[in-house]
Amino acid sequence: MQKKYQNLRAAYPVIISHDKPDLYLVHIVDFNSDTSGTTLSEAIEMARDALSEEGLARQDAGLSIPEPSFAIEHPANTVVTYVDIDLAKYRKLSDNRTVKKTITIPSYLNELGREQDINFSETMTIALKEKLGV
């Protein structure tokens, strides 16, 4: 049975600096952690991942998750923005447990696949990801 967690949807402040070409540094204020990206969108995506990973780790350990701060002071030449997280959604997307499924395919495809050593589980996973856009 899978453990139930309270969902957390929030927006946390991050301070972004861009002192070097192809490097955006991100400071996650409420978790006192840092990440980076080569583009602004990648840096924000990395901040979302870092916030979500830290949130999940704290939930799993039974620790509290800080409330988002407001009115952030920041150095000159930096920008403050807010990055949203949805821990329930992130937990689902990062759940890599495997589930056994029985599928039905035509016999000739089964034979052709076996002759070419095709991994049916891997092929189905790739097809489902493509079909679902994940």
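A polar contact here is a pair of N or O atoms within 3.5 Å. Keep that cut-off at hand for the first stop, and remember throughout that this is a predicted model.

**Stop 1: helix α4**

Select residues 120-132, which form helix α4. Now add N119, which caps the N-terminal end of α4. A side-chain oxygen of N119 lies 3.0 Å from the backbone nitrogen of S121, so the pair falls within the 3.5 Å cut-off. How far apart are the end C-alpha atoms of α4? They are 18 Å apart, which agrees with the span that 13 residues should have at 1.5 Å a residue. Just after the helix, click on G133, where phi is positive at about 70 degrees.

**Stop 2: from V134 across to L93**

Next, select V134 and L93 together. The two are 41 residues apart along the chain, and their C-alpha atoms are separated by 8.8 Å. L93 belongs to helix α2. Is L93 buried or exposed? L93 counts as exposed because its relative accessibility is 58%, and exposed means over 50%.

**Stop 3: helix α1**

Select residues 40-60 to bring up α1. This helix has 21 residues and reaches 30 Å from its first C-alpha to its last, close to the 30 Å expected. Colour its buried residues: A43, A47, L51, S52, G55, L56 and Q59. Many helices can be read with one simple rule: residues three or four places apart point the same way, because an α-helix has 3.6 residues a turn. Show the surroundings of α1 and you will find that the cover over its buried residues includes β1, β2, β3, β4 and α2.

Zoom in on S52, which is buried with a relative accessible area of 1%. Its side chain reaches the backbone oxygen of R48 at 2.9 Å. Setting aside residues up to four places away in sequence, S52 touches I85, L87 and Y90. Before leaving, look at G62, which follows α1 and has a positive phi near 75 degrees.

**Stop 4: strands β1, β2 and β3**

Select residues 9-20 for β1 and residues 23-28 for β2. These strands run antiparallel and are joined by five bridges. Two bridge pairs to label are K20 with L23 and I15 with H27. The hairpin has two residues between the strands, and D22 takes a positive phi near 60 degrees.

Turn on the side chains of β2. Which ones point to the buried face? Y24, V26 and I28 point to one face and are buried, while L23, L25 and H27 point to the other and are not. The general pattern is that side chains in a regular strand alternate between the two faces of the sheet.

Now add β3, residues 33-37. β2 and β3 pair in the antiparallel sense over five bridges, and the partner of I28 in β3 is S33. This hairpin has four residues between the strands, with N32 at a positive phi near 45 degrees.

**Stop 5: strand β4 and T78**

On to β4, residues 78-86. β4 pairs with β1 in the antiparallel sense over nine bridges, and T78 is the bridge partner of S17. T78 is buried, with a relative accessible area of 15%. A polar atom of the T78 side chain lies 2.5 Å from the backbone oxygen of P75. Beyond its neighbours within four places in sequence, T78 is in contact with I15, I16 and S17.

**Stop 6: the core and an aromatic pair**

Select Y12, V14, V26, I28 and L51. Of the 16 residues in the largest nonpolar core, these touch the most other members. β1, β2, α1, β4 and α2 each supply at least two residues of this core. In soluble globular proteins, nonpolar side chains tend to be buried together. Leaving aside neighbours within four places, the contacts of Y12 include L51, I65, V83 and I85.

Y12 is also in contact with Y82, so finish there. The model has two aromatic pairs. One of them is F70 with Y82, stacked at 5.8 Å centre to centre with 25 degrees between the planes. The pair links distant parts of the chain: F70 sits in the loop between α1 and β4, and Y82 in strand β4, twelve residues apart. F70 is exposed, with a relative accessible area of 60%, whereas Y82 counts as partly exposed at 34%.

Definitions and conventions: Residues are numbered from 1 along each chain as its sequence is written. This is a predicted model: local features need pLDDT of at least 70, side-chain atom pairs count only at pLDDT 80 or more; totals for chains, interfaces and linings use all residues. Side-chain values use heavy atoms; hydrogens and water are left out. Buried means under 20% relative accessible area, exposed over 50%, partly exposed in between (1.4 Å probe, protein chains only). A polar contact is a pair of N or O atoms within 3.5 Å; within protein, one must be able to donate a hydrogen and the other to accept it, and residues adjacent in sequence count only if both atoms are side-chain atoms. Contact means heavy atoms within 4.5 Å. Two strands pair if DSSP finds at least two bridges between them. Rings of Phe, Tyr and Trp (its six-membered ring) pair if their centres lie within 6.5 Å; planes under 30 degrees apart count as stacked, over 60 as edge-to-face and the rest as tilted. A nonpolar core is a set of buried Ala, Val, Leu, Ile, Met, Phe, Trp, Tyr and Cys residues joined through side-chain atoms within 4.5 Å. The expected span of a helix is 1.5 Å times one less than its number of residues.
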